[in-house]
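Biologist: Hello! Could you walk me through how the ligand is held in this model?

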Amino acid sequence: MNYNPNNIFAKILRGEIPAYKVYEDTQTLAFMDVMPQSDGHTLVIPRVAAETLFDLSTEELQSLIAVTQRIAIAAKRAFHADGMTLMQFNGSAAGQTVPHVHFHVIPRYNGKSLQSHSRTMANNELLAQHAEHLRALLNP
Ligand code: AMP
């Protein structure tokens, strides 16, 4: 594995750049996607230095998917979603733009298509509001 420790999620994990965090534990961090494809779009990452899903041990993947499920359940409720899309890309050919493994948790709404991937920055205040709303459900 050729992990680049200067990728943006590694910097978020080290606290070098800010993020709208919604949940963290010893192995995992979840925060709002700053270019959301729908309202409430959240990212879930492991703390371990891993570029793709294939670089995780079975145990690391199990804890990541368990937290992803928990975030998805909370986000569905928090954002009154009709459905939830979970996405995960491995390698630039597959659409991965940040080389630290992550799951996308994306609330879906009837009749509403997704915004483009990694395209438009959301309003900071709105992201902060969404994070606070989701945090309240995840960390009561
Ligand atoms: P992927 O293309 O699957 O690697 O997804 C990377 C995601 O990270 C995209 O949806 C981006 O909008 C998102 N993103 C990029 N930089 C940041 C950041 N600083 N904070 C939160 N999300 C980010």
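Biologist: How far is an oxygen atom of the ligand from an N or O atom in the side chain of H102?

Modeller: Happy to help! This is a predicted model, in which local features need pLDDT of at least 70 and side-chain atom pairs pLDDT 80 or more, while totals for chains, interfaces and linings use all residues. Residues are numbered from 1 along each chain as its sequence is written, and side-chain values use heavy atoms, leaving out hydrogens and water. The H102 pair is a polar contact (a pair of N or O atoms within 3.5 Å), and its distance is 2.8 Å.

Biologist: Which residue offers a backbone N or O atom to a nitrogen atom of the ligand?

Modeller: Side chains take part too: a polar atom of H104 lies 2.8 Å from a ligand oxygen. The backbone pair has a distance of 3.4 Å, and its residue is V34.

Biologist: How much of the ligand's accessible area does the protein cover?

Modeller: Accessible areas come from the Shrake-Rupley method with a 1.4 Å probe. On its own the ligand has 510 Å², and the protein covers 93%.

Biologist: Which element gives the largest share of the shell around the ligand?

Modeller: The shell consists of the residues near the ligand (a heavy atom within 4 Å), and there are 18 of them. Both α1 (8–13) and β2 (28–32) supply at least two, where helices (H or I, at least four residues) and strands (E, at least two) are DSSP runs numbered from the N terminus. With 3 residues, the largest share comes from α1.

Biologist: How many residues of the shell are charged?

Modeller: Asp, Glu, Lys and Arg count as charged; Ala, Val, Leu, Ile, Met, Phe, Trp, Tyr, Cys and Pro as nonpolar; the others, Gly among them, as polar. The shell has 10 nonpolar residues and 7 polar ones, and the number charged is 1.

Technical notes:
A polar contact is a pair of N or O atoms within 3.5 Å; within protein, one must be able to donate a hydrogen and the other to accept it, and residues adjacent in sequence count only if both atoms are side-chain atoms.
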